[in-house]
Amino acid sequence: MTVRYGFSVVLDKFHNVKGGAIEKRFYLKQGGAQKGILLTDEFYQLAESAQFQNLVQETDARWRLVEKAWEMALPPKLLDVHYDAQQEVLFTKLRNDRITLTSCRNSLNGYQKGYCFYCSAPVSLHSGDAQLAEVDHFIPLMTQKALPGINLNGVWNLVLACRECNRGPNGKHAQIPNLELLERLHTRNEYFINSRLPLHEAIENQTGRNEALRKGFLNARWNEAKIGTSQPWKPAANGNIIL
Ligand SMILES: [Zn+2]
């Protein structure tokens with residue numbers, strides 16, 4: 001179908017985001033005898049940006065989630081996603097089998113676009129880089145006792161952080177982030193919900209079927225987690241927040 005309708009239908013769809021066409025065009029279609037694609041300046045600007053390599057990895061991670069759902073003959077919405085902290089991968093379970101889906105880091109980057117969730121310092125997705133992003137539990141695992149039955153390893157609670165924010169001298173460690181950061185987490189989760197990816201269903205399953213429920217869920221967990229703790233945490237150097 002892609003081959004047959006590629007020029008008439010499929011190529012146009014890539015510029016559609018959230019039900020409408022975006023203004024920037026990364027390529028133009030050429031019809032006539034010599035069918036082809038003309039890459040625009042916007043595409044080359046994208047290729048020159050520091051985040052281009054991250055984009056490739058993220059697209060790959062998205063694709064693998066969808067492909068895995070097809071392979072398992074499941075509609076993507078039934079794909080339940082879990083996180084393995086040791087291997088930093090997302091996985092799903094089919095009957096008693098555990099199936100690795102994709103890198104957690106690459107999947108989460110869809111919202112953060114190569115920046116730390118907390119302080120907006122640039123982070124990398126490449127193993128071995130000094131600025132490699134770390135997968136952080138927004139509500140720390142240490143608070144699990146106060147949150148019985150809550151899956152803190154759910155995608156809803158995972159963000160990418162720079163090393164400084166995660167475990168530097170003024171880092172977050174097991175502290176609870178402040179209210180402003182909680183609101184950012186809600187915005188981030190809604191971004192995934194609207195992206196129509198398998199992660200969308202995972203977050204809905206874990207936190208609620210509509211936005212009000214999901215916001216209520218986050219507020220309730222935040223309040224439960226911070227009982228008996230000191231002041232909420234925020235990053236020491238608050239750079240340019242771009243999220
Ligand atoms: Zn940071």
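Which residues does Val159 touch, not counting residues up to four places away in sequence? Point 2 picks that up, after some housekeeping.

1. Ground rules. This is a predicted model, where local features need pLDDT of at least 70 and side-chain atom pairs count only at pLDDT 80 or more, while totals for chains, interfaces and linings use all residues. Residue numbers start from 1 along each chain, following the sequence as written.

2. Val159. Leaving out residues up to four places away in sequence, Val159 touches Leu108, Phe117, Asp136 and Phe138. A contact here needs C-beta atoms, placed from the backbone, within 7 Å. Val159 sits in strand β9; helices (H or I, at least four residues) and strands (E, at least two) are DSSP runs, numbered from the N terminus. Val159 is buried because 25 other C-beta atoms lie within 10 Å. The cut-offs are 20 or more other C-beta atoms within 10 Å for buried, 12 or fewer for exposed, and partly exposed in between, again with C-beta atoms placed from the backbone. His137 is 22 residues away from Val159 along the chain, yet their C-alpha atoms are separated by 6.6 Å.

3. The chain overall. The protein chain has eight helices and nine strands. It counts 243 residues, of which 30% are buried. Taking contacts in the protein chain with a separation of 6 or more, 58% are between residues 24 or more positions apart.

4. The core. A nonpolar core means a set of buried Ala, Val, Leu, Ile, Met, Phe, Trp, Tyr and Cys residues joined through C-beta atoms within 7 Å. The largest one has 36 residues, and those touching the most other members are Cys116, Val155, Val159, Leu160, Ala161 and Ile203. Two or more residues each come from α4 (104-112), β9 (158-161), α6 (179-194), α7 (198-207) and α8 (211-225). The top contributor to this core is α6, with five residues. As background, nonpolar side chains tend to be buried together in soluble globular proteins.

5. Leu160. Another of the well-connected core members is Leu160. Residues up to four places away in sequence aside, Leu160 touches Arg105, Leu108, Asn109, Gln112, Cys116, Phe117, Val123, Ala133 and Val135.

6. Helix α4 and what follows. Eight of the nine residues in α4 are buried, so call this helix mostly covered. The buried ones are Cys104, Arg105, Asn106, Ser107, Leu108, Asn109, Tyr111 and Gln112. Right after α4 comes Lys113, with a positive phi near 50 degrees. Lys113 belongs to the loop between α4 and β8 (134-137), and with 16 other C-beta atoms within 10 Å it is partly exposed. Ser120 is also placed in the loop between α4 and β8; this residue has a positive phi of about 70 degrees although it is not a glycine. Ser120 counts as partly exposed because it has 19 C-beta neighbours inside 10 Å. For context, most residues other than glycine have a negative phi.

7. The β3/β4 hairpin. Strands β3 (residues 27-30) and β4 (residues 36-39) run antiparallel and are joined by four bridges; two strands pair if DSSP finds at least two bridges between them. Looking across to β4, Lys29 has Ile37 as its bridge partner, and Leu28 has Leu38. Five residues lie between the strands of this hairpin, where Gly32 takes a positive phi near 80 degrees.

8. Lys24. Ahead of that hairpin, Lys24 is located in the loop between β2 (20-21) and β3. Lys24 is exposed because just 12 other C-beta atoms lie within 10 Å. Its C-alpha atom is separated by 9.9 Å from that of Asp41, 17 residues apart along the chain.

9. α6 against α8. The axes of these two helices, α6 and α8, come within 10 Å and cross at roughly 145 degrees. Axes are lines fitted to C-alpha atoms, for helices over the stretch in contact, and the angles run from 0 to 180 degrees between N-to-C directions. The crossing of α6 past α8 is right-handed, that is, the near helix is turned clockwise from the far one by less than a right angle, with anticlockwise being left-handed. On the α6 side, Leu182, Leu185, His186, Asn189 and Glu190 meet Glu211, Arg214, Lys215, Leu218 and Trp222 of α8. By class, this contact has four nonpolar, two polar and four charged residues. Here Ala, Val, Leu, Ile, Met, Phe, Trp, Tyr, Cys and Pro count as nonpolar, Asp, Glu, Lys and Arg as charged, and the others, Gly among them, as polar.

Terms used: Contact = placed C-beta atoms within 7 Å.
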